[in-house]
Amino acid sequence: SATEKGGYRHFMLKEIYEQPQALTDTWQGRLSVDDILASSIGTDAEALLSQVEAIHIVACGTSYHAGLVARYWLEAMARIPCNVELASEYRYRNPVVPKNCLFVTLSQSGETADTLAALRYAKDLPQGQGYLATLAVCNKPESSLTRESDLVMMTRAGPEIGVASTKAFTTQLLCLLLLTGMLDRDAQKRGHLAADIRKIHTAVSQVLELDDAIRHLAEEFVDKQHALFLGRGPMYPIAMEGALKLKEISYLHAEAYAAGELKHGPLALVDENMPVIAVAPKNDWLEKVKSNLQEVSARGGKLYVFADADAGLNTGPGMTVLDMPHVDDTLAPIAYTVPLQLLAYHVAVAKGTDVDQPRNLAKSVTVE
Ligand code: G6P
């Protein structure tokens with residue numbers, strides 16, 4: 001009903017708008033003034049995490065994309081080698097487990113059959129070939145996944161009704177950023193990260209102000225059949241998530257590419273009928289991303305770029321730029337997810353699809 005939706009037209013839009021608060025709830029109690037508190041996920045968590053030398057992350061769907069972002073963070077910041085894999089692949093593959101490896105599952109529902117099976121597989125490995133411990137990042141307390149894991153970090157997004165995951169994803173990202181901090185042995189870096197995380201409410205609220213501009217932009221996608229999403233570094237999985245959102249609810253064929261891979265195939269698809277959406281925060285990859293955008297422009301492609309206001313990118317022929325507020329590097333994957341959620345939402349509304357209940361999809365896939 002309309003009241004359940006709090007005045008919003010769809011649960012998905014309500015859940016997109018709940019993100020500043022959901023993200024704040026997710027970090028509350030997990031930060032001190034200048035540190036990230038491992039003890040917030042259990043009394044023995046600190047001792048356990050101090051032994052971790054490698055990480056395996058396993059998940060499905062949107063949750064898998066959160067894992068892919070975390071790999072960049074865990075390796076670049078905490079310097080811990082990290083593998084990320086789809087649960088449906090992992091469970092049948094006979095993987096090699098490195099020494100002192102933490103097994104991490106990510107799941108909104110905590111009931112996804114493949115993710116649960118992967119956890120059970122990981123726990124059943126013969127003595128000496130298995131994991132140090134298991135950690136679930138999950139949005140449903142008392143779910144199978146949380147009950148069967150050694151450590152649990154709740155995402156605290158609150159109930160998510162829309163089939164296309166939004167606030168569960170950004171709060172997963174924040175949990176993984178917190179985990180990265182807990183594993184970082186450099187106290188000064190942990191302090192900086194804690195300070196960055198406290199800015200998340202402001203950052204995401206500012207991004208939500210782009211809603212009207214994005215609704216306008218969405219009109220240009222209604223008659224399109226395909227779309228290409230581009231990003232680099234930690235923004236590559238964000239491009240994947242943007243493409244997934246568009247597929248799920250607006251039924252457009254969307255694909256994501258790491259922008260440096262354009263030349264190895266997708267450039268052949270670029271023409272005026274193929275919108276290309278890019279995410280370009282001000283980070284170490286920006287200049288590379290800009291030259292990739294040039295490659296698209298030079299072939300007559302239509303670009304839509306969500307870029308830092310200081311990125312030096314301007315709207316002109318063949319390129320529409322939406323100015324994003326400046327955000328810290330660490331928060332960029334969270335902040336840049338939001339306009340892609342809004343874009344998918346508004347394209348779906350304009351096309352008249354069933355936004356909260358897309359055809360053929362389920363909120364939680366509890367059978368293989
Ligand atoms: C389904 C949902 C997706 C979700 C995926 C994994 O496909 O429609 O939105 O990302 O399952 O779900 P989980 O609950 O494990 O995160």
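1. Start with helix 8 (residues 167–183): this helix lies across strand 3, strand 4 and strand 5, and its direction runs at about 145° to strand 4. Keep in mind while you look that this is a predicted model.

2. The sheet under that helix is an open one of five strands, in the order 2-1-3-4-5, with parallel pairing. Strand 2 and strand 5 (151–154) are the edge strands, each pairing on one side only. From one strand to the next the twist averages 20°.

3. Inside this sheet, strand 3 (residues 101–107) and strand 4 (residues 133–138) run parallel and share six bridges. If you want a register check, Phe 103 has Thr 134 in strand 4 as its bridge partner. Helix 4 packs on the sheet too, touching strand 1, strand 2 and strand 3, and makes about 170° with the direction of strand 2.

4. Over at strand 1 (residues 54–59), the pairing with strand 2 (residues 82–86) is parallel, over five bridges. Ala 59 sits opposite Leu 86 of strand 2. Put helix 4 between these two strands and you have a β-α-β unit, which is right-handed.

5. Helix 4 (residues 61–76) is also worth a look for the ligand: with three residues, this helix gives the most to the shell around it. The shell has 16 residues, and Gly 61, Thr 62, Ser 107, Ser 109 and Thr 112 come nearest to the ligand. How do the shell residues divide into nonpolar, polar and charged? The split is five nonpolar, 10 polar and one charged.

6. Now the other sheet. Here, too, we have an open sheet of five strands with parallel pairing, this time in the order 7-6-8-9-10. Why is one side of strand 7 (253–258) and of strand 10 (319–324) left without a neighbour in the sheet? Both stand at the edges with a single partner strand each, so there is no strand on that side. The twist in this sheet averages 20° from one strand to the next.

7. Strand 10 has its parallel pairing with strand 9 (residues 302–308), through six bridges. Within that pair, Ala 307 stands opposite Asp 323 of strand 10.

8. Two helices to check against this sheet. Helix 13 (residues 286–297) lies across strand 6 (226–231), strand 8 (275–280), strand 9 and strand 10, and runs at about 170° to strand 8. Helix 14 (residues 332–351) lies across strand 8, strand 9 and strand 10, with an angle of about 130° to strand 10.

How values were computed
Residues numbered from 1 in each chain as written. Predicted model: local features only at pLDDT ≥ 70, side-chain atom pairs only at ≥ 80, totals over all residues. Near = placed C-beta within 6 Å. Helix = DSSP H or I, 4+ residues; strand = E, 2+ residues; numbered from the N terminus. Nonpolar A, V, L, I, M, F, W, Y, C, P; charged D, E, K, R; others polar. Pairing = 2+ DSSP bridges. Right-handed = clockwise from strand over helix to strand, strands pointing away. Axes fitted to C-alpha atoms, helices over the stretch in contact; angles between N-to-C directions. Contact = placed C-beta atoms within 7 Å.
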